[in-house]
Amino acid sequence: MSDPLDEVLGEWADPTPPPDFIDQVMAARAPAPAPRHRRRWAYRIAAAVVLFAAGAIWLGDAPVPSGAIDTQSRQSITLGAGRLVAEPGATLRWAQVDGVLTAHQTRGAVVYRLAPDQTLRLRTPSGEFVATGACFEMEIDPMASSLKTGFMGAALGAGLTAAAFVTVYDGEVRAPAAHGAEPVRAGERARVPVDGPLSRSDRRAAPAPDLHVALKAAQAERDALKAEVAELSAAPEDARVRLQAEKRNLQNEINELKAALEEEKAARRQVEGDPIPFPDDLSETYTEAGQARAFRDILGALEYPDGRIDAVDCSEFPCIVHGYVGQREPGQAGHRALFADLEKAWKGHFGAKNHAFSWSTSSQKDKHGEGMKFSAVVIPHALKLSRGEHAQMHKRMMLRQQQYRDANRPE
Amino acid sequence: MTSRPATAPELDTLTRARAARGDDRACRALVECYQRRVYALVGRMLGPRGLDGLVADVAQETFLRVFRHLDRFADDGRARLSTWILTIATRLCIDTIRAAQRPRPAPSEAPPALRPDQAHDRRARLAAVQAAIATLPPEQQAVLVLRAWHDLDYAEIAAALDLAPGTVKSRLARARARLRHALGDPKTRGTP
């Protein structure tokens with residue numbers, strides 16, 4: 001039986017702070033601002049100490065010098081008011097051309113974060129991209145890198161693989177297109193082959209990629225440092241000692257952030273699996289153009305009046321063809337009829353003996369309208385995939401298909 | 001009794017380190033994390049003594065002191081930041097009560113007991129207990145509040161108030177006896 005005293009004490013509700021209590025406390029603790037010129041001076045010294053320690057170059061708002069990197073490990077570089085993070089294997093050089101920051105990226109992956117009014121011309125093997133105040137990732141020819149690690153054999157033709165992939169996280173990037181430039185906006189990913197037209201992946205860019213988060217964290221660290229330096233400016237004789245301590249603290253935090261980043265990547269890999277590299281000896285039939293052509297032929301043979309291909313997602317292997325067949329008989333009967341039609345048609349087109357065929361249908365309304373849609377994958381038996389590779393491919397296909405549906409939900 | 005779960009959230013180490021360096025967002029996060037606990041403690045310390053008007057000021061002063069001395073908090077893996085913050089709040093409350101020097105019954109004087117006809121009136125029972133709390137010496141009140149609502153163990157309370165653990169136990173027992181008497185518990189009549 002409970003103690004009557006405890007029962008009474010339990011009836012005494014917690015006194016609660018007023019809604020603006022935090023603001024009151026923060027206002028009470030706000031230190032008087034230091035003189036501006038002293039703050040700036042101290043900030044630059046502090047920033048130089050920290051960034052020099054990190055192997056970066058800091059030039060404040062000074063003009064961007066020319067430079068070049070061929071990275072063996074991840075590098076973070078400040079370019080004027082902007083910043084880039086180059087992944088291992090990236091090759092890049094940059095300079096100020098006619099007052100505009102101009103970079104040439106020929107290999108690897110680089111994340112660019114531009115200041116709000118900063119413009120970058122980025123030349124790649126696929127053409128020139130132009131961005132102002134955007135945050136985006138440029139990846140050159142990722143399939144070529146898969147040649148080293150791909151599990152399926154010999155080299156793939158260079159003409160087939162060379163392409164630039166741009167993923168935009170914030171703002172807009174103007175990508176080269178057949179008729180001038182075409183915008184790729186926040187949340188979009190596009191592939192620009194060397195000799196071909198721009199194609200958008202219907203897969204949305206991840207909303208908060210790891211590197212983007214890491215950059216944000218680094219900016220937060222810089223802000224913290226700025227506040228600390230403002231305080232230090234009142235006692236410059238102690239600044240050196242305290243800045244050294246601050247540098248150690250920041251380095252520790254950076255290490256913690258990196259460790260957290262690696263954990264996050266590992267967790268994501270666990271859930272999503274690694275993307276499947278394109279097989280090295282893949283026939284043109286199974287590429288984006290080949291699949292689009294084949295499925296157009298199939299729909300043509302079926303004589304569906306509204307049949308069309310909405311997207312061919314070749315962001316990784318295998319390509320997934322997303323199509324629309326118009327209004328069909330509702331319910332299971334419609335799905336079964338579509339399946340029977342498609343099965344007959346693809347067997348006739350590809351040859352049933354030598355291929356595995358995976359597909360799904362949906363009658364959910366999406367941005368392409370009402371009616372029945374299908375998503376289909378064709379895998380040649382000649383690839384001789386192991387059971388593990390099949391499982392991995394299945395996991396990735398489910399994920400990509402879900403991403404496609406999410407991206408195409410009605411507004 | 002209202003008790004805090006043993007796993008009440010603590011500020012993470014990284015944010016705490018940033019707060020110690022004066023980072024605005026980290027300081028804000030610290031206040032957000034602990035404001036309810038601090039406010040509850042200060043409210044229960046000062047409210048029964050008619051010092052409600054000082055609760056917000058004392059709670060605010062607690063956080064200002066926390067910010068000033070956060071770099072002294074020993075992170076040895078044993079101490080909880082919440083305990084350290086509540087210690088600061090408790091000491092401020094005791095100082096405030098002493099400074100206020102409100103006339104109150106002498107510690108030895110027993111509070112009025114609940115009349116038999118009020119024994120089942122919840123509001124009257126709570127008011128009687130609050131009135132009795134106001135007659136406790138501030139340190140005894142602090143022991144009661146930290147134990148009853150903030151789940152501090154005897155060792156933590158002893159460290160917070162700079163007392164021996166045995167003294168904490170005896171003060172808690174005396175405080176509870178006085179409150180029971182206020183509730184009209186016959187076993188405690190005449191033994192505050």
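Strands S16(A) and S17(A) (residues 372-380) run antiparallel and are joined by eight bridges. One such pairing sets Ala356(A) of the sheet opposite Ile379(A) in S17(A). The model is predicted.

**The sheet of chain A**

The wider arrangement is an open sheet of four strands, ordered S14-S15-S17-S16 in chain A, with antiparallel pairing. Which strands stand at the edges? They are S14 (308-313) and S16 (355-362) of chain A; each has a single partner strand, so one side of each lacks a neighbour in the sheet. From one strand to the next, the twist averages 20 degrees.

Two helices of chain A pack on this sheet. The table lists their contacts and directions.

| Helix | Strands touched | Direction |
|---|---|---|
| H8(A), residues 288-302 | S14, S15 (320-326), S16 and S17 of chain A | about 155 degrees with S14(A) |
| H9(A), residues 331-350 | S15, S16 and S17 of chain A | about 155 degrees with S16(A) |

**Backbone exceptions**

Most residues other than glycine have a negative phi, and most peptide bonds are trans. Two places in chain A call for a look. The loop between H8 and S14 of chain A holds Glu303(A). Phi of Glu303(A) is near 60 degrees, a positive value in a residue other than glycine. The loop between S14 and S15 of chain A holds Pro318(A). The peptide bond from Phe317(A) to Pro318(A) is cis, and omega is near -5 degrees.

**A helix pair in chain B**

Two packed helices are described by the angle between their axes and the distance between the axes. In chain B, H2 (residues 24-46) packs against H6 (residues 138-150) at about 140 degrees, and the axes are 10 Å apart. Why is H2(B) oblique to H6(B)? The reason is that angle of about 140 degrees: only values over 145 count as roughly antiparallel. The crossing is right-handed.

H2(B) supplies Arg37(B), Ala40(B), Leu41(B), Arg44(B) and Met45(B) to the contact. From H6(B) come Pro138(B), Gln141(B), Ala142(B), Val145(B), Leu146(B), Trp149(B) and His150(B). By class, the contact has eight nonpolar, two polar and two charged residues.

**Between the chains**

How many residues of chain B are in contact with chain A? There are 39, and they meet 34 residues of chain A. The two chains bury about 3500 Å² between them, with 61% of that on carbon and sulfur atoms. In chain B, the most area is lost to chain A by Arg21(B), Arg28(B) and Tyr39(B). Together these residues account for 19% of what the chain B side buries.

How values were computed. Residues numbered from 1 in each chain as written. Chains lettered and ligands numbered in written order. Predicted model: local features only at pLDDT ≥ 70, side-chain atom pairs only at ≥ 80, totals over all residues. Heavy atoms only, no water. Axes fitted to C-alpha atoms, helices over the stretch in contact; angles between N-to-C directions. Parallel < 35°, antiparallel > 145°, perpendicular 65-115°, else oblique. Left-handed = near helix turned anticlockwise from the far one by under 90°. Contact = heavy atoms within 4.5 Å. Nonpolar A, V, L, I, M, F, W, Y, C, P; charged D, E, K, R; others polar. Pairing = 2+ DSSP bridges. Buried area = accessible area lost by both parts, 1.4 Å probe.
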